[in-house]
Structure formats: C-alpha cells, structure tokens
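Trainee: I would love to take a close look at a single part of this model with you. Could you pick a strand and walk me through its surroundings, and then show me a few other spots?

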Amino acid sequence: MPHDINLVYLKCFYDAALMGSVTESARRNFVSQSAVSQAIAKLEKALGVMLCLHKKQQFKLTEEGEIVFNKAKEIFSSVRRLRDALDLQRERPKMPLHFVTTHSIGLSVLPNTISEFKRAHPEIEMHFQFGGLTQIKGWLKQGIAEFALVIQSPHVAEYQQKNLYTGQFGLYKHKKERRPIEKLGAYIEHKEGMLVPEFQLAFETMYGKDLSISAELNSWEFIARYMDNSHGYGLIPDIITLKGRYPYLQPISEPTLPYTICAVFPKGEQLSYSAETFLESLKVFIE
C-alpha cells in the first residue's frame, strides 16, 4: 500500500528540480544536502518510482520525475494562493517575496525602498537577485521569481505588466564639464543596448550629425559613477539620478526619449498580496 506523500519531502524534491541542484534545495529549505537527498529517496519510496538520476554532480529528472515536478508546481501554487487569501482576509501581507531586477534599476531604487518597506512590514522576508534580461526571463520561467523589475520593451511583451514609472532617457554630463561633446563623445551601455539606437537617430535628426561614442561601459549605474568621478557625457535614464543621487550630474535638455519601468510576471498568474503591497510602496518612492 503506498505511503502518504510528505509535503516536506515533496518541497525538497521540487526545489532541487527547480534549481537543478540538491545544494540549492538545501539552502532554500534550511537543511543539509544529506537531508534533501534522504527526503527525495523517501518520496521515491512512497511513490514507488525513481524521480531522478542518482549521479554525482548531476540532477536530471526521469519521465516520472517530470510528472511529479509539474504536479508539485500546481500543489505549491495552490498553497501560495491559500496563504495569500488568508493574508488578504487579515489585511496583513506576510508571504515571502522573491523577485529579480537589472543592476541599474535595483541599485537606483531598491536600497531606500527596501529599508522603508521592511520597517512597515517586518514579517515579509525579501529575496531578490540581479541579472541581465536573459537570466531574468529564465528565473521567471522557472518560477524562482514571482516578478521582475525591467524597462518596458518588446523583449518582455510575453508577460503581464504593471507600470511603475515613466521617465526620460537622454544625455547627462558633470556640472563642471566644459568640453564639447563633439570632442569627448558619450559613454553608453552598449551600441545595441536599450534605447541607444533610437537616441542616436533622434540626435542625428536634431543636430544633423552622429553622436560619437566614447566607450561602452555595460551598465547605466557604472556610466553615472564614471561621469561623477571623471566628468564627460553619458546616456542614462533619469531614474539613476532620482532622490538626489549623483547631484553633480545634469541632463542635457534635448533630445530625450520616454521609457517605462514595469513589473512583469507570467501571463495567467496573479501577484501575491505581498508583491502588490511592495510594488505600491516602490511606485510611491519612485514618483
């Protein structure tokens, strides 16, 4: 007669499959790697099937393991919705937050926002990671993150979107910079980076000449820091300088391009009460 399924064992297996690692499952569940391995073995015994290939440094699901993983995802999604319904009824968000963001957005708005949010909601655990767009989309697909903070673009059109802030992207310089941009050129994230080709076209249309590039620095935040220390010109969004950050940087009025920061999450999903509460706090801080 089959044994009852232990949800703790199922969670250890689910996290190992989700992360592709017993080590990561142990970290997420605050247990040892040995405890995770034992939990998976006990789950296999209870179900009467082999869930994964037991090889060192490799975690690969069997066909039965894929079935159990997909059903476990449904189970834990239902558990999350149950907890969320209770939070809503009590008007007290308590569920942990798991989200991801790009470095520049995260460094610009998260430090102060998180400090204020934790003071208002000390019971909510917060877990976030920085990454590029490809990583972020992978984390959303795997379910590692509930939502991501990104710049709105066709690259995230497949997701539901919650707009948080609309600003302007353009040229900035250090207040003490007196040399012309024609001599120095501009620091940019990447020649094919977000809004860079569009801005170069707008610049050429307005001034009848190309915007020369000084260097590609791979991060809006790094561009701002570089200008702050060494002067020069750089293409960045205005959110980098919000709330008095980089007070010595000033925008050049034209041309500018609008952009929108949004939270994105898989279609068909609903954000938790904790996530909605955090995003409202973030929106208030940014605006």
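Mentor: Here is a walk that starts at one strand and then visits a few other places. Keep in mind that the model is predicted.

Let's begin with strand 5, which covers residues 147-151. Is this strand mostly covered or mostly open? It is mostly covered, since 5 of its 5 residues are buried. You can follow this on each face of strand 5: Phe147, Leu149 and Ile151 lie on one side, while Ala148 and Val150 lie on the other. Both faces are covered, and the residues named on each are all buried.

Now, which strands pair with strand 5? One is strand 3, made of residues 97-101, and this pairing is parallel, with 3 bridges. To find it on your screen, look for Val100, whose bridge partner in strand 5 is Ala148. Another is strand 10, residues 249-265, which runs antiparallel to strand 5 and is joined to it by 4 bridges. Here a good landmark is Leu149, with Ala263 as its bridge partner in strand 10. So that you can link the two views: Ala148 and Leu149, the landmarks in strand 5, belong to opposite faces of that strand.

Let's move along to another pairing. Strand 7 (residues 186-188) and strand 8 (residues 213-216) are parallel, with 3 bridges between them. Tyr187 is a handy place to look, as it stands opposite Ala215 in strand 8. Add helix 8, residues 196-207, and you have a β-α-β unit with strands 7 and 8 that is right-handed.

Next, have a look at two helices that meet. Helix 5 spans residues 103-120 and helix 9 spans residues 220-230; their axes come within 7 Å and cross at roughly 65°. On the helix 5 side you will find Ser104, Leu107 and Ser108, and they meet Trp220, Glu221 and Arg225 of helix 9. Sorted by class, this contact has 2 nonpolar, 2 polar and 2 charged residues.

Finally, a word about the cysteines. How many disulfides are there? The count is 0. A disulfide needs two cysteine sulfur atoms within 2.5 Å. The sulfur of Cys12 has its closest cysteine sulfur in Cys52, and because that one is 12 Å away, it is too far for a bond. Seen from the other end, Cys52 is in no disulfide either, and its nearest cysteine sulfur is that of Cys12. Cys12 is buried, with a relative accessible area of 5%, and Cys52 is buried too, at 2%.

Technical notes. Residues are numbered from 1 along each chain as its sequence is written. This is a predicted model: local features need pLDDT of at least 70, side-chain atom pairs count only at pLDDT 80 or more; totals for chains, interfaces and linings use all residues. Side-chain values use heavy atoms; hydrogens and water are left out. Buried means under 20% relative accessible area, exposed over 50%, partly exposed in between (1.4 Å probe, protein chains only). Axes are lines fitted to C-alpha atoms, for helices over the stretch in contact, and angles run from 0 to 180 degrees between N-to-C directions. Contact means heavy atoms within 4.5 Å. Ala, Val, Leu, Ile, Met, Phe, Trp, Tyr, Cys and Pro count as nonpolar, Asp, Glu, Lys and Arg as charged, and the others, Gly among them, as polar. Two strands pair if DSSP finds at least two bridges between them. A crossover is right-handed if, with the strands pointing away from the viewer, the path from the first strand over the helix to the second runs clockwise.
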